[in-house]
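Student: I have not looked at this model before. Could you take me through it in steps?
Tutor: Certainly; please open the view, and we shall start.

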There are 2 protein chains.
Amino acid sequence: MKGYGQYCPVAKATEILNERWTLLVLRELLFGSRRFNDLRKGVPLMSPTLLSKRLKFLEESGVIERCRAEPGKGWEYQPTTAGQELRPLVEMLGIWGQRWVRSRLTPDELDPGLLMWDIRRCTDAKLFTSRRTVVQFEFSDAAPSKRRWWLVVSDKDGVDLCLTDPGFEVDLYIFTDLRTMTALWMGDMPLRHAFDSGRIELEGPPELRRSLQSWLQRSPFGNVQNQNPKRKVSLDTKTRRQLRL
Amino acid sequence: MKGYGQYCPVAKATEILNERWTLLVLRELLFGSRRFNDLRKGVPLMSPTLLSKRLKFLEESGVIERCRAEPGKGWEYQPTTAGQELRPLVEMLGIWGQRWVRSRLTPDELDPGLLMWDIRRCTDAKLFTSRRTVVQFEFSDAAPSKRRWWLVVSDKDGVDLCLTDPGFEVDLYIFTDLRTMTALWMGDMPLRHAFDSGRIELEGPPELRRSLQSWLQRSPFGNVQNQNPKRKVSLDTKTRRQLRL
DNA sequence: CAGTATCCGATGCGATACTG
DNA sequence: CAGTATCGCATCGGATACTG
(Lines give C-alpha, C1' and ligand atoms only; values in the text may rest on other atoms or scores of the structure.)
Protein backbone atom coordinates (compact mmCIF):
# COMPACT_ATOMS: atom_id res chain seq x y z
CA MET A 1 0.00 0.00 0.00
CA LYS A 2 2.56 2.48 -1.18
CA GLY A 3 0.46 4.70 -3.42
CA TYR A 4 -2.45 6.94 -2.60
CA GLY A 5 -5.00 5.50 -5.00
CA GLN A 6 -5.59 8.88 -6.61
CA TYR A 7 -5.29 9.98 -10.23
CA CYS A 8 -4.33 13.46 -9.05
CA PRO A 9 -0.89 14.42 -10.35
CA VAL A 10 0.07 15.88 -6.98
CA ALA A 11 -0.47 12.43 -5.54
CA LYS A 12 1.45 10.74 -8.35
CA ALA A 13 4.41 13.07 -7.95
CA THR A 14 4.32 12.68 -4.20
CA GLU A 15 4.43 8.91 -4.46
CA ILE A 16 7.85 9.25 -6.02
CA LEU A 17 9.26 12.10 -4.02
CA ASN A 18 8.12 11.83 -0.45
CA GLU A 19 9.79 8.73 0.74
CA ARG A 20 12.20 9.47 3.50
CA TRP A 21 15.55 10.89 2.30
CA THR A 22 14.53 11.03 -1.34
CA LEU A 23 14.37 14.80 -1.61
CA LEU A 24 17.72 15.18 0.10
CA VAL A 25 19.34 12.76 -2.30
CA LEU A 26 17.81 14.73 -5.12
CA ARG A 27 19.12 17.94 -3.61
CA GLU A 28 22.62 16.49 -3.69
CA LEU A 29 22.25 15.41 -7.29
CA LEU A 30 20.91 18.79 -8.35
CA PHE A 31 23.73 20.53 -6.51
CA GLY A 32 26.18 18.53 -8.53
CA SER A 33 27.15 15.32 -6.75
CA ARG A 34 27.49 12.43 -9.15
CA ARG A 35 29.28 9.59 -7.38
CA PHE A 36 27.83 7.29 -4.77
CA ASN A 37 30.31 8.22 -2.09
CA ASP A 38 29.96 11.91 -2.81
CA LEU A 39 26.22 11.59 -2.41
CA ARG A 40 26.83 9.86 0.90
CA LYS A 41 28.75 12.85 2.18
CA GLY A 42 25.68 14.97 1.64
CA VAL A 43 23.45 12.56 3.61
CA PRO A 44 25.87 11.11 6.14
CA LEU A 45 23.16 9.69 8.39
CA MET A 46 21.66 7.65 5.60
CA SER A 47 22.78 4.04 5.37
CA PRO A 48 24.39 3.00 2.08
CA THR A 49 21.76 0.31 1.67
CA LEU A 50 19.01 2.85 1.78
CA LEU A 51 20.82 5.28 -0.48
CA SER A 52 21.26 2.53 -3.02
CA LYS A 53 17.60 1.67 -2.78
CA ARG A 54 16.52 5.26 -3.27
CA LEU A 55 18.81 5.72 -6.25
CA LYS A 56 17.33 2.63 -7.86
CA PHE A 57 13.83 3.90 -7.29
CA LEU A 58 14.65 7.33 -8.66
CA GLU A 59 16.11 5.65 -11.71
CA GLU A 60 13.01 3.48 -12.20
CA SER A 61 10.90 6.57 -11.83
CA GLY A 62 12.78 8.33 -14.59
CA VAL A 63 14.19 11.06 -12.38
CA ILE A 64 17.85 10.09 -12.66
CA GLU A 65 20.09 8.00 -14.89
CA ARG A 66 22.90 5.70 -13.91
CA CYS A 67 25.68 5.63 -16.41
CA ARG A 68 29.32 4.62 -16.69
CA ALA A 69 31.84 7.15 -15.50
CA GLU A 70 34.43 8.35 -17.99
CA PRO A 71 37.60 6.36 -17.46
CA GLY A 72 35.97 2.98 -17.03
CA LYS A 73 35.84 3.16 -13.27
CA GLY A 74 32.47 2.98 -11.65
CA TRP A 75 29.15 4.63 -12.23
CA GLU A 76 27.66 8.07 -12.09
CA TYR A 77 24.18 9.29 -11.34
CA GLN A 78 22.70 12.29 -13.04
CA PRO A 79 19.30 13.88 -13.26
CA THR A 80 17.28 13.28 -16.41
CA THR A 81 15.27 16.07 -17.97
CA ALA A 82 12.45 15.16 -15.61
CA GLY A 83 14.92 15.37 -12.74
CA GLN A 84 16.22 18.74 -13.86
CA GLU A 85 12.69 20.04 -13.85
CA LEU A 86 12.56 19.35 -10.13
CA ARG A 87 15.27 21.89 -9.45
CA PRO A 88 12.87 24.81 -8.94
CA LEU A 89 10.83 22.64 -6.64
CA VAL A 90 13.79 21.77 -4.44
CA GLU A 91 14.84 25.41 -4.45
CA MET A 92 11.39 26.54 -3.41
CA LEU A 93 11.37 23.96 -0.68
CA GLY A 94 14.67 25.33 0.60
CA ILE A 95 13.53 28.92 0.41
CA TRP A 96 10.33 28.08 2.23
CA GLY A 97 12.28 26.17 4.84
CA GLN A 98 14.65 29.07 5.31
CA ARG A 99 11.78 31.50 5.68
CA TRP A 100 9.58 29.49 7.99
CA VAL A 101 11.31 26.53 9.62
CA ARG A 102 14.90 27.58 9.88
CA SER A 103 17.05 25.20 11.87
CA ARG A 104 17.71 26.09 15.47
CA LEU A 105 21.21 24.72 15.02
CA THR A 106 20.78 22.23 17.81
CA PRO A 107 23.84 20.09 18.47
CA ASP A 108 22.48 17.20 16.43
CA GLU A 109 22.19 19.46 13.43
CA LEU A 110 25.72 20.69 13.63
CA ASP A 111 28.05 18.52 11.61
CA PRO A 112 31.47 19.72 10.56
CA GLY A 113 31.66 17.18 7.76
CA LEU A 114 28.40 18.31 6.23
CA LEU A 115 29.29 21.96 6.65
CA MET A 116 32.73 21.64 5.12
CA TRP A 117 31.35 19.57 2.26
CA ASP A 118 28.87 22.35 1.57
CA ILE A 119 31.56 24.99 1.77
CA ARG A 120 33.81 23.02 -0.51
CA ARG A 121 31.09 22.75 -3.10
CA CYS A 122 30.33 26.43 -3.07
CA THR A 123 33.91 27.62 -3.11
CA ASP A 124 34.78 29.07 -6.47
CA ALA A 125 38.31 28.02 -7.42
CA LYS A 126 38.43 30.68 -10.11
CA LEU A 127 38.68 33.31 -7.39
CA PHE A 128 42.10 31.89 -6.47
CA THR A 129 45.46 32.08 -8.16
CA SER A 130 47.26 29.18 -9.77
CA ARG A 131 49.46 29.01 -6.71
CA ARG A 132 48.06 26.49 -4.26
CA THR A 133 46.29 28.11 -1.32
CA VAL A 134 45.77 26.12 1.87
CA VAL A 135 43.15 27.18 4.39
CA GLN A 136 42.84 25.42 7.69
CA PHE A 137 39.57 25.46 9.60
CA GLU A 138 39.65 24.65 13.27
CA PHE A 139 36.43 24.14 15.22
CA SER A 140 37.05 24.50 18.91
CA ASP A 141 33.93 22.57 19.86
CA ALA A 142 34.08 19.70 17.41
CA ALA A 143 35.06 16.15 18.28
CA PRO A 144 38.84 15.70 18.20
CA SER A 145 38.76 13.67 15.00
CA LYS A 146 36.73 16.34 13.24
CA ARG A 147 38.32 19.46 14.63
CA ARG A 148 40.59 20.42 11.78
CA TRP A 149 39.85 20.58 8.08
CA TRP A 150 41.95 21.72 5.18
CA LEU A 151 40.71 23.40 2.06
CA VAL A 152 43.28 23.18 -0.70
CA VAL A 153 42.43 25.47 -3.58
CA SER A 154 44.03 26.52 -6.78
CA ASP A 155 42.85 28.09 -9.95
CA LYS A 156 43.53 25.01 -12.05
CA ASP A 157 43.19 22.04 -9.68
CA GLY A 158 39.96 23.22 -8.12
CA VAL A 159 38.93 22.76 -4.51
CA ASP A 160 39.97 19.86 -2.35
CA LEU A 161 38.81 19.07 1.15
CA CYS A 162 40.88 17.07 3.62
CA LEU A 163 40.20 15.84 7.11
CA THR A 164 43.81 14.75 7.50
CA ASP A 165 46.66 17.20 7.23
CA PRO A 166 47.66 17.26 3.56
CA GLY A 167 51.13 18.31 4.64
CA PHE A 168 51.25 21.58 2.75
CA GLU A 169 52.13 24.80 4.47
CA VAL A 170 48.97 26.54 5.65
CA ASP A 171 48.35 30.02 4.25
CA LEU A 172 45.34 30.99 6.30
CA TYR A 173 44.08 29.69 9.63
CA ILE A 174 40.46 30.07 10.63
CA PHE A 175 39.68 29.55 14.31
CA THR A 176 36.02 29.42 15.23
CA ASP A 177 33.36 27.12 16.58
CA LEU A 178 30.97 24.95 14.69
CA ARG A 179 27.87 26.86 15.65
CA THR A 180 29.33 30.17 14.56
CA MET A 181 30.56 28.82 11.26
CA THR A 182 27.21 27.20 10.58
CA ALA A 183 25.34 30.38 11.52
CA LEU A 184 27.57 32.33 9.15
CA TRP A 185 27.00 29.81 6.42
CA MET A 186 23.22 29.91 6.85
CA GLY A 187 23.07 33.68 6.94
CA ASP A 188 21.98 33.76 10.56
CA MET A 189 24.92 35.96 11.53
CA PRO A 190 26.81 38.65 9.60
CA LEU A 191 30.52 37.99 9.20
CA ARG A 192 31.16 41.41 10.71
CA HIS A 193 29.39 40.41 13.88
CA ALA A 194 31.31 37.17 14.19
CA PHE A 195 34.59 39.08 14.05
CA ASP A 196 33.49 41.84 16.39
CA SER A 197 32.36 39.38 19.04
CA GLY A 198 35.52 37.34 18.73
CA ARG A 199 33.68 34.25 17.54
CA ILE A 200 36.01 33.87 14.62
CA GLU A 201 39.68 34.63 14.35
CA LEU A 202 42.09 34.54 11.47
CA GLU A 203 45.79 34.04 11.20
CA GLY A 204 47.69 34.70 8.03
CA PRO A 205 48.84 37.45 5.70
CA PRO A 206 46.62 40.55 5.72
CA GLU A 207 45.58 40.34 2.08
CA LEU A 208 44.42 36.76 2.50
CA ARG A 209 42.54 37.65 5.68
CA ARG A 210 40.85 40.49 3.87
CA SER A 211 39.97 38.40 0.82
CA LEU A 212 38.12 35.91 3.00
CA GLN A 213 34.76 37.57 2.63
CA SER A 214 35.06 37.52 -1.12
CA TRP A 215 35.60 33.80 -1.55
CA LEU A 216 33.93 32.34 1.52
CA GLN A 217 30.38 31.93 0.31
CA ARG A 218 27.20 31.48 2.21
CA SER A 219 24.68 28.75 1.59
CA PRO A 220 22.56 29.18 -1.55
CA PHE A 221 19.75 29.92 0.91
CA GLY A 222 21.87 32.18 3.10
CA ASN A 223 20.33 35.43 1.98
CA VAL A 224 16.72 34.34 2.37
CA GLN A 225 15.12 36.27 5.19
CA ASN A 226 13.49 34.54 8.10
CA GLN A 227 9.73 35.17 8.26
CA ASN A 228 8.78 33.12 11.28
CA PRO A 229 8.29 35.49 14.22
CA LYS A 230 8.62 32.70 16.75
CA ARG A 231 12.05 31.82 15.50
CA LYS A 232 13.38 35.29 15.02
CA VAL A 233 16.36 36.08 17.19
CA SER A 234 16.17 39.82 16.82
CA LEU A 235 13.13 41.55 15.39
CA ASP A 236 13.53 44.39 12.96
CA THR A 237 11.37 47.45 13.50
CA LYS A 238 9.02 46.70 10.62
CA THR A 239 8.23 43.29 12.04
CA ARG A 240 7.90 44.70 15.55
CA ARG A 241 5.33 47.16 14.28
CA GLN A 242 3.42 44.42 12.49
CA LEU A 243 3.30 42.40 15.67
CA ARG A 244 2.42 45.52 17.74
CA LEU A 245 5.32 45.05 20.12
CA MET B 1 14.52 9.57 14.71
CA LYS B 2 12.12 11.63 12.70
CA GLY B 3 14.38 14.41 11.50
CA TYR B 4 17.38 14.29 9.24
CA GLY B 5 19.92 15.90 11.54
CA GLN B 6 20.76 18.57 8.99
CA TYR B 7 20.64 22.35 9.23
CA CYS B 8 19.85 22.54 5.51
CA PRO B 9 16.51 24.29 4.95
CA VAL B 10 15.51 21.72 2.36
CA ALA B 11 15.81 19.11 5.09
CA LYS B 12 13.90 21.23 7.60
CA ALA B 13 11.06 21.85 5.15
CA THR B 14 10.98 18.21 4.20
CA GLU B 15 10.69 17.11 7.80
CA ILE B 16 7.35 18.88 7.91
CA LEU B 17 6.02 18.11 4.48
CA ASN B 18 6.98 14.64 3.48
CA GLU B 19 5.14 12.50 5.91
CA ARG B 20 2.68 10.30 4.13
CA TRP B 21 -0.55 12.11 3.11
CA THR B 22 0.62 15.51 4.33
CA LEU B 23 0.97 17.09 0.91
CA LEU B 24 -2.41 15.80 -0.18
CA VAL B 25 -4.06 17.27 2.89
CA LEU B 26 -2.32 20.52 2.12
CA ARG B 27 -3.52 20.34 -1.47
CA GLU B 28 -7.09 20.07 -0.20
CA LEU B 29 -6.62 23.04 2.09
CA LEU B 30 -5.08 25.14 -0.63
CA PHE B 31 -7.86 24.20 -3.01
CA GLY B 32 -10.36 25.50 -0.52
CA SER B 33 -11.55 22.74 1.82
CA ARG B 34 -11.96 23.98 5.37
CA ARG B 35 -13.96 21.40 7.32
CA PHE B 36 -12.71 18.08 8.59
CA ASN B 37 -15.23 16.05 6.67
CA ASP B 38 -14.67 18.01 3.50
CA LEU B 39 -10.99 17.32 3.79
CA ARG B 40 -11.79 13.64 4.19
CA LYS B 41 -13.60 13.61 0.88
CA GLY B 42 -10.40 14.70 -0.78
CA VAL B 43 -8.39 11.90 0.82
CA PRO B 44 -10.98 9.15 1.18
CA LEU B 45 -8.43 6.41 1.79
CA MET B 46 -6.94 8.21 4.74
CA SER B 47 -8.24 7.20 8.15
CA PRO B 48 -9.78 9.97 10.26
CA THR B 49 -7.27 9.24 13.00
CA LEU B 50 -4.41 9.90 10.70
CA LEU B 51 -6.00 12.99 9.18
CA SER B 52 -6.49 14.38 12.65
CA LYS B 53 -2.88 13.66 13.48
CA ARG B 54 -1.61 15.33 10.33
CA LEU B 55 -3.75 18.41 10.90
CA LYS B 56 -2.37 18.73 14.40
CA PHE B 57 1.16 18.48 13.14
CA LEU B 58 0.58 21.02 10.40
CA GLU B 59 -0.86 23.34 13.01
CA GLU B 60 2.14 22.86 15.31
CA SER B 61 4.40 23.52 12.37
CA GLY B 62 2.71 26.82 11.65
CA VAL B 63 1.36 25.80 8.26
CA ILE B 64 -2.32 25.90 9.14
CA GLU B 65 -4.58 27.37 11.81
CA ARG B 66 -7.53 25.78 13.52
CA CYS B 67 -10.23 28.25 14.37
CA ARG B 68 -13.88 28.36 15.30
CA ALA B 69 -16.33 28.29 12.42
CA GLU B 70 -18.73 31.17 12.13
CA PRO B 71 -22.03 30.13 13.70
CA GLY B 72 -20.57 28.45 16.75
CA LYS B 73 -20.61 25.00 15.24
CA GLY B 74 -17.30 23.23 14.93
CA TRP B 75 -13.90 24.18 13.68
CA GLU B 76 -12.23 25.18 10.49
CA TYR B 77 -8.73 24.73 9.20
CA GLN B 78 -7.03 27.29 7.06
CA PRO B 79 -3.54 27.89 5.76
CA THR B 80 -1.44 30.51 7.53
CA THR B 81 0.76 32.86 5.55
CA ALA B 82 3.45 30.19 5.65
CA GLY B 83 0.89 27.71 4.35
CA GLN B 84 -0.19 30.02 1.55
CA GLU B 85 3.39 30.28 0.45
CA LEU B 86 3.35 26.56 -0.21
CA ARG B 87 0.76 26.97 -2.93
CA PRO B 88 3.28 27.39 -5.75
CA LEU B 89 5.13 24.36 -4.46
CA VAL B 90 2.04 22.16 -4.55
CA GLU B 91 1.19 23.51 -7.99
CA MET B 92 4.66 22.76 -9.27
CA LEU B 93 4.43 19.29 -7.85
CA GLY B 94 1.17 18.76 -9.70
CA ILE B 95 2.52 20.15 -12.94
CA TRP B 96 5.60 17.99 -12.69
CA GLY B 97 3.44 14.97 -11.91
CA GLN B 98 1.23 15.67 -14.87
CA ARG B 99 4.22 16.05 -17.17
CA TRP B 100 6.20 13.05 -16.03
CA VAL B 101 4.26 10.58 -13.91
CA ARG B 102 0.70 10.92 -15.12
CA SER B 103 -1.64 8.31 -13.69
CA ARG B 104 -2.40 5.32 -15.85
CA LEU B 105 -5.95 5.45 -14.53
CA THR B 106 -5.74 1.94 -13.18
CA PRO B 107 -8.96 0.73 -11.52
CA ASP B 108 -7.66 1.53 -8.05
CA GLU B 109 -7.11 5.12 -9.09
CA LEU B 110 -10.61 5.57 -10.42
CA ASP B 111 -12.97 6.80 -7.76
CA PRO B 112 -16.27 8.41 -8.62
CA GLY B 113 -16.48 10.13 -5.25
CA LEU B 114 -13.12 11.78 -5.64
CA LEU B 115 -13.82 12.74 -9.23
CA MET B 116 -17.21 14.24 -8.50
CA TRP B 117 -15.84 16.09 -5.51
CA ASP B 118 -13.17 17.57 -7.77
CA ILE B 119 -15.73 18.49 -10.40
CA ARG B 120 -17.99 20.04 -7.82
CA ARG B 121 -15.19 22.21 -6.55
CA CYS B 122 -14.23 23.46 -9.97
CA THR B 123 -17.73 24.14 -11.17
CA ASP B 124 -18.40 27.83 -11.35
CA ALA B 125 -21.93 28.54 -10.17
CA LYS B 126 -21.78 32.01 -11.68
CA LEU B 127 -22.02 30.41 -15.11
CA PHE B 128 -25.55 29.26 -14.24
CA THR B 129 -28.82 31.09 -13.93
CA SER B 130 -30.70 31.68 -10.70
CA ARG B 131 -33.03 28.87 -11.72
CA ARG B 132 -31.86 25.60 -10.20
CA THR B 133 -30.13 23.32 -12.70
CA VAL B 134 -29.85 19.62 -11.95
CA VAL B 135 -27.28 17.49 -13.76
CA GLN B 136 -27.20 13.76 -13.27
CA PHE B 137 -24.01 11.81 -13.91
CA GLU B 138 -24.29 8.09 -14.45
CA PHE B 139 -21.17 5.93 -14.57
CA SER B 140 -21.93 2.62 -16.25
CA ASP B 141 -18.95 0.87 -14.69
CA ALA B 142 -19.16 2.16 -11.13
CA ALA B 143 -20.35 0.14 -8.15
CA PRO B 144 -24.15 0.28 -7.84
CA SER B 145 -24.04 2.52 -4.80
CA LYS B 146 -21.79 5.00 -6.60
CA ARG B 147 -23.28 4.92 -10.07
CA ARG B 148 -25.38 8.03 -10.00
CA TRP B 149 -24.49 11.51 -8.81
CA TRP B 150 -26.40 14.75 -8.90
CA LEU B 151 -24.95 18.18 -9.29
CA VAL B 152 -27.42 20.84 -8.20
CA VAL B 153 -26.33 24.29 -9.28
CA SER B 154 -27.72 27.73 -9.16
CA ASP B 155 -26.34 31.18 -9.46
CA LYS B 156 -27.10 32.10 -5.86
CA ASP B 157 -27.01 28.79 -3.94
CA GLY B 158 -23.79 27.58 -5.47
CA VAL B 159 -22.95 23.99 -6.30
CA ASP B 160 -24.22 21.00 -4.41
CA LEU B 161 -23.24 17.39 -4.88
CA CYS B 162 -25.51 14.48 -3.97
CA LEU B 163 -25.05 10.74 -4.04
CA THR B 164 -28.72 10.20 -3.30
CA ASP B 165 -31.42 11.49 -5.58
CA PRO B 166 -32.27 14.98 -4.35
CA GLY B 167 -35.74 14.57 -5.83
CA PHE B 168 -35.58 17.51 -8.22
CA GLU B 169 -36.36 17.09 -11.87
CA VAL B 170 -33.17 16.42 -13.81
CA ASP B 171 -32.32 18.91 -16.53
CA LEU B 172 -29.33 17.18 -18.08
CA TYR B 173 -28.29 13.54 -17.99
CA ILE B 174 -24.69 12.53 -18.60
CA PHE B 175 -24.11 8.88 -19.39
CA THR B 176 -20.50 7.75 -19.49
CA ASP B 177 -18.02 5.52 -17.72
CA LEU B 178 -15.66 6.38 -14.96
CA ARG B 179 -12.50 5.97 -16.97
CA THR B 180 -13.74 8.26 -19.73
CA MET B 181 -14.91 10.93 -17.33
CA THR B 182 -11.62 10.82 -15.45
CA ALA B 183 -9.62 10.97 -18.68
CA LEU B 184 -11.65 13.98 -19.76
CA TRP B 185 -11.10 15.60 -16.40
CA MET B 186 -7.36 15.03 -16.51
CA GLY B 187 -7.01 16.27 -20.07
CA ASP B 188 -6.05 12.86 -21.39
CA MET B 189 -8.90 12.90 -23.89
CA PRO B 190 -10.57 15.76 -25.77
CA LEU B 191 -14.30 16.11 -25.17
CA ARG B 192 -14.81 15.95 -28.92
CA HIS B 193 -13.22 12.53 -29.05
CA ALA B 194 -15.33 11.21 -26.19
CA PHE B 195 -18.49 12.21 -28.04
CA ASP B 196 -17.34 10.92 -31.41
CA SER B 197 -16.45 7.53 -30.01
CA GLY B 198 -19.70 7.27 -28.12
CA ARG B 199 -17.98 7.17 -24.75
CA ILE B 200 -20.21 9.91 -23.44
CA GLU B 201 -23.83 10.62 -24.17
CA LEU B 202 -26.11 13.43 -23.11
CA GLU B 203 -29.83 13.72 -22.68
CA GLY B 204 -31.56 17.02 -22.23
CA PRO B 205 -32.49 20.23 -24.00
CA PRO B 206 -30.10 21.19 -26.82
CA GLU B 207 -28.94 24.46 -25.29
CA LEU B 208 -27.96 22.73 -22.06
CA ARG B 209 -26.17 19.96 -23.96
CA ARG B 210 -24.28 22.58 -25.91
CA SER B 211 -23.37 24.63 -22.85
CA LEU B 212 -21.74 21.60 -21.24
CA GLN B 213 -18.27 22.34 -22.53
CA SER B 214 -18.45 25.85 -21.18
CA TRP B 215 -19.15 24.98 -17.56
CA LEU B 216 -17.70 21.48 -17.24
CA GLN B 217 -14.13 22.26 -16.31
CA ARG B 218 -11.05 20.14 -16.47
CA SER B 219 -8.67 19.61 -13.59
CA PRO B 220 -6.41 22.56 -12.80
CA PHE B 221 -3.66 20.38 -14.28
CA GLY B 222 -5.73 19.26 -17.25
CA ASN B 223 -3.97 21.37 -19.83
CA VAL B 224 -0.45 20.42 -18.80
CA GLN B 225 1.14 18.37 -21.56
CA ASN B 226 2.58 14.95 -20.91
CA GLN B 227 6.34 14.81 -21.43
CA ASN B 228 7.08 11.24 -20.54
CA PRO B 229 7.59 9.30 -23.76
CA LYS B 230 7.01 5.97 -22.06
CA ARG B 231 3.59 7.03 -20.93
CA LYS B 232 2.50 8.80 -24.02
CA VAL B 233 -0.51 7.23 -25.67
CA SER B 234 -0.02 8.86 -29.03
CA LEU B 235 3.20 10.58 -29.99
CA ASP B 236 3.15 13.85 -31.80
CA THR B 237 5.47 14.28 -34.73
CA LYS B 238 7.90 16.54 -32.93
CA THR B 239 8.39 13.97 -30.19
CA ARG B 240 8.64 11.16 -32.74
CA ARG B 241 11.44 13.02 -34.46
CA GLN B 242 13.23 13.61 -31.17
CA LEU B 243 13.07 9.91 -30.41
CA ARG B 244 14.03 9.03 -34.02
CA LEU B 245 11.00 6.84 -34.55
C1' DC C 1 -20.47 16.33 12.59
C1' DA C 2 -15.80 15.97 14.26
C1' DG C 3 -13.07 13.64 15.77
C1' DT C 4 -10.68 9.67 19.59
C1' DA C 5 -9.38 5.03 21.30
C1' DT C 6 -7.39 0.88 20.61
C1' DC C 7 -5.13 -2.76 18.38
C1' DC C 8 -2.24 -5.05 15.56
C1' DG C 9 0.31 -6.08 11.37
C1' DA C 10 3.45 -4.76 7.73
C1' DT C 11 7.54 -2.65 6.63
C1' DG C 12 10.57 0.98 6.59
C1' DC C 13 14.65 1.81 8.10
C1' DG C 14 18.78 1.76 11.07
C1' DA C 15 22.92 -0.93 12.38
C1' DT C 16 26.47 -3.68 11.27
C1' DA C 17 29.12 -6.52 8.62
C1' DC C 18 30.60 -8.04 4.40
C1' DT C 19 32.12 -8.34 -0.91
C1' DG C 20 33.81 -7.69 -5.92
C1' DC D 1 35.35 2.64 -4.26
C1' DA D 2 30.64 1.15 -4.67
C1' DG D 3 27.76 -0.96 -3.19
C1' DT D 4 25.01 -5.85 -0.94
C1' DA D 5 23.39 -8.99 2.76
C1' DT D 6 21.18 -9.77 6.80
C1' DC D 7 18.55 -8.86 10.91
C1' DG D 8 15.47 -7.11 14.03
C1' DC D 9 13.13 -3.36 16.18
C1' DA D 10 10.25 0.50 16.18
C1' DT D 11 6.71 2.91 14.36
C1' DC D 12 3.71 4.14 11.00
C1' DG D 13 -0.46 3.69 9.62
C1' DG D 14 -4.71 0.81 8.35
C1' DA D 15 -9.04 -1.08 10.29
C1' DT D 16 -12.67 -0.81 13.22
C1' DA D 17 -15.32 0.78 16.77
C1' DC D 18 -16.62 4.30 19.69
C1' DT D 19 -17.91 9.23 21.75
C1' DG D 20 -19.21 14.29 22.91
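Student: How far is a polar side-chain atom of Arg66(A) from a phosphate oxygen of DNA strand D?
Tutor: In this predicted model, the distance from a polar side-chain atom of Arg66(A) to a phosphate oxygen of DNA strand D is 2.7 Å. The side chain of Lys56(A) likewise has an N or O atom 2.7 Å from a phosphate oxygen of that strand. From chain B, Trp21(B) places a polar side-chain atom 3.4 Å from a phosphate oxygen of DNA strand D.

Student: Which elements give two or more residues to the surface near DNA strand D?
Tutor: They are α3 and α4 of chain A, together with α4 of chain B. The largest share comes from α4(A), with four residues.

Student: And which residues come nearest to DNA strand D?
Tutor: Of the 14 residues around DNA strand D, the nearest are Arg35(A), Thr49(A), Ser52(A), Arg66(A) and Arg54(B).

Student: What part of DNA strand D do the atoms within 4 Å of the protein belong to?
Tutor: Sugar or phosphate holds 76% of those atoms, and bases hold the rest.

Student: How does the surface near DNA strand D divide by class?
Tutor: It has five nonpolar, four polar and five charged residues.

Student: Now the other strand. Which residues come nearest to DNA strand C?
Tutor: There are 14 residues around DNA strand C, and the nearest are Arg54(A), Arg35(B), Thr49(B), Ser52(B) and Lys56(B). Of the atoms of DNA strand C within 4 Å of the protein, 76% are accounted for by sugar and phosphate.

Student: Which atom of DNA strand C is 2.5 Å from an N or O atom in the side chain of Thr49(B)?
Tutor: A base nitrogen of DNA strand C is at that distance from the side chain of Thr49(B). For Arg20(A), by contrast, the partner is a phosphate oxygen, 2.9 Å from an N or O atom of the side chain. Tyr77(B) also has a side-chain N or O atom 3.0 Å from a phosphate oxygen of DNA strand C.

Student: Which elements supply at least two residues each of the surface near DNA strand C?
Tutor: They are α4 (48–60) of chain A, and α3 (36–42) and α4 (48–60) of chain B. The largest share, four residues, is that of α4(B). By class, the surface near DNA strand C has five nonpolar, four polar and five charged residues.

Student: Let us turn to the two protein chains. What rotation superposes chain B on chain A?
Tutor: A rotation of 180°, with 0.0 Å of shift along its axis, superposes them with an RMSD of 0.0 Å. The two copies are therefore related as by a two-fold rotation axis. In chain B, the C-alpha nearest that axis belongs to Asn18(B), 2.5 Å away from it. Both copies use the same surface, since 100% of the contact residues of chain B recur in chain A.

Student: How many residues are in contact between the chains?
Tutor: In chain B, 58 residues are in contact with 58 residues of chain A. The two chains bury about 5000 Å² between them, and 67% of this is on carbon and sulfur atoms. Within chain B, the residues that lose the most area to chain A are Tyr4(B), Tyr7(B) and Trp96(B), together 18% of what that side buries.

Student: How many salt bridges are found across this interface?
Tutor: There are four salt bridges across the interface of chain B and chain A. One of them joins Lys12(B) to Glu109(A), whose closest N and O atoms are 2.6 Å apart. The interface also has 14 residue pairs in polar contact.

Student: Which element gives the most to the side of chain B that touches chain A?
Tutor: That is α6(B), with eleven residues. By class, this side of chain B has 33 nonpolar, twelve polar and 13 charged residues.

Student: And how many salt bridges does the structure hold over all chains?
Tutor: It holds 26 over all chains. Among the salt bridges is that between the side chains of Asp38(A) and Lys41(A), at 3.4 Å from N to O.

Student: Why are Asp38(A) and Lys41(A) separated by about one helical turn?
Tutor: The reason is that Asp38(A) and Lys41(A) are three residues apart in helix α3 (residues 36–42) of chain A. In general, side chains of opposite charge can pair when their charged atoms come close.

Methods. Residues are numbered from 1 along each chain as its sequence is written. Chains are lettered from A and ligands numbered from 1 in the order in which they are written. This is a predicted model: local features need pLDDT of at least 70, side-chain atom pairs count only at pLDDT 80 or more; totals for chains, interfaces and linings use all residues. Side-chain values use heavy atoms; hydrogens and water are left out. A residue is near a molecule or strand if one of its heavy atoms lies within 4 Å of it. A polar contact is a pair of N or O atoms within 3.5 Å; within protein, one must be able to donate a hydrogen and the other to accept it, and residues adjacent in sequence count only if both atoms are side-chain atoms. Ala, Val, Leu, Ile, Met, Phe, Trp, Tyr, Cys and Pro count as nonpolar, Asp, Glu, Lys and Arg as charged, and the others, Gly among them, as polar. Copies are superposed by least squares on the C-alpha atoms of residues with pLDDT of at least 70 in both. Contact means heavy atoms within 4.5 Å. Buried area is the accessible area (1.4 Å probe) that two parts lose on being put together, summed over both.
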